[in-house]
Amino acid sequence: MFLQKTIRKRAIVKGIGVHSGEKCSLTFIPAPPNTGVHFVRSDLPGRPSLGVQADFVKATGYATTLGGDVFSVATVEHCLSALSALRIDNLFIELDGPEIPICDGSAKNFLEALHKVGLVEQDQPRKYCYVTQPIYFSEGEKQAYVVPYHGLRLTVTIDFPHPKIGKQKLDIDINDQSFTREIAGARTFGFLKDVEALKARGLALGGSLDNAIVLDEQGIMNPDGLRFDDEFVRHKALDALGDLVTLGMPLMGHVVLHKSGHDVMNKLIKKIIESKDSYKHIELGADLTEEIRLKSHFWS
Ligand SMILES: [Zn+2]
């Protein structure tokens, strides 16, 4: 039986907000079983909270924003991707302002903070969303679908008409080890012309070569270059894992994404939730075949 997990004790990540450029900090706080993942604003009266759910996703242009009646949180996906890979079920994520620290533009600092405090099992079984039939979503040339798989696997392809990006593909089974090694360090990226346009609108004021890969027409502006030759597609996988947390429980399936972004992921997740005949909520180890039990030890 796989049990729900939270973290052993509080963990803090400090940095600046990518839009405001102001200092901000985030604290991961253990939560009781069956709580789920919630953002909490410690700077607002009554410490309001907001659950991480697909219905609360309200903007999906450059980043995923979660919004409720009282507050919204921008750029949630990098911190959430670490939760997805570590299978953390219950957690409060406390913020002292409207933004999440951008750190280096990857999930590295969040993952390190969580690894440092460690995880703890709780006394309730974890429920998985086990996909039993394919679920498709497409919009023009963007495609996103999930097919049955005994684990969590991602296949991501991108195609950008830029000499340093072009076509890239990543196919990977997701667990703590593979995420840490192959995905967590991949940084967000942007094009110089878009960054300049955002700054002119008072956005991305904290954005710099310290927290994003920036591309001009010909190449990469960061003096140290890339962390991986295909860092771009790896970051897309990181974003997708973060968005998957809005499903509300770990997914057991193979997610295939082509030219997808936050908007398409959000639509795929909503379609999964609606497709009640195409998945089951299961507890691992209780009502599964031996084959699934054997394969699932990779991702407990
Ligand atoms: Zn991202």
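1. A good place to start is His-235, which is buried, with a relative accessible area of 2%. Keep in mind while reading that this is a predicted model. His-235 lies in helix 5 (residues 231-244) together with Asp-239, and the two are four residues apart, about one turn of the helix. Asp-239 is buried as well, at a relative accessible area of 9%.

2. These two residues bring us to the metal. The zinc ion is coordinated by His-235 through NE2, by His-78 through NE2, and by Asp-239 through two OD entries, at 2.1 to 2.7 Å. Along the sequence, the spacing of the donor residues reads H-x156-H-x3-D.

3. What is the geometry of the zinc ion's site? The site is irregular, with angles of 52 to 151° among the four donor atoms. Four donors count as tetrahedral only if all angles lie between 85 and 135 degrees, so a range of 52 to 151° does not qualify. For orientation, the ideal angle for four tetrahedral donors is 109.5 degrees.

4. Next, the backbone. Most residues other than glycine have a negative phi. Thr-75 has a positive phi of about 55° although it is not a glycine. You will find Thr-75 in the loop between strand 8 (72-73) and helix 1 (77-86). Is Thr-75 buried or exposed? Thr-75 is buried, with a relative accessible area of 9%.

5. Arg-47 also deserves a look: this residue is not a glycine, yet its phi is positive, at about 45°. Its place is the loop between strand 4 (37-41) and strand 5 (49-51). With 45% relative accessibility, Arg-47 counts as partly exposed, because that class covers values between 20% and 50%.

6. Helix 6 covers residues 262-274, which makes 13 residues. From its first C-alpha to its last it reaches 18 Å, close to the 18 Å expected at 1.5 Å a residue. Its buried residues are His-262, Val-264, Met-265, Asn-266, Leu-268, Ile-269 and Ile-272.

7. Finally, do explore the second largest pocket, which has a volume of about 600 Å³. It is lined by 30 residues, and those closest to its centre are Asp-89, Val-245, Gly-248, Met-249 and Pro-250. Helix 6 returns here: along with strand 4 and helix 1, it is one of the elements that give two or more residues to the lining. By class, the lining of this pocket holds 13 nonpolar, eleven polar and six charged residues.

How values were computed. Residues numbered from 1 in each chain as written. Predicted model: local features only at pLDDT ≥ 70, side-chain atom pairs only at ≥ 80, totals over all residues. Heavy atoms only, no water. Donors = N, O, S within 2.8 Å, 3.2 Å for Na, K, Ca; no water. Tetrahedral: all angles 85-135°; square planar, octahedral: opposite > 155°, others 65-115°. Buried < 20%, exposed > 50% of the residue type's maximum accessible area, 1.4 Å probe, protein only. Expected span 1.5 Å × (residues − 1). 1 Å grid on protein atoms, 1.4 Å probe; cavity = no way out; pocket = protein on both sides within 12 Å on 5 of 7 lines; lining within 4 Å. Points joined across faces, edges and corners; volume = space filled by probe spheres on them. Nonpolar A, V, L, I, M, F, W, Y, C, P; charged D, E, K, R; others polar.
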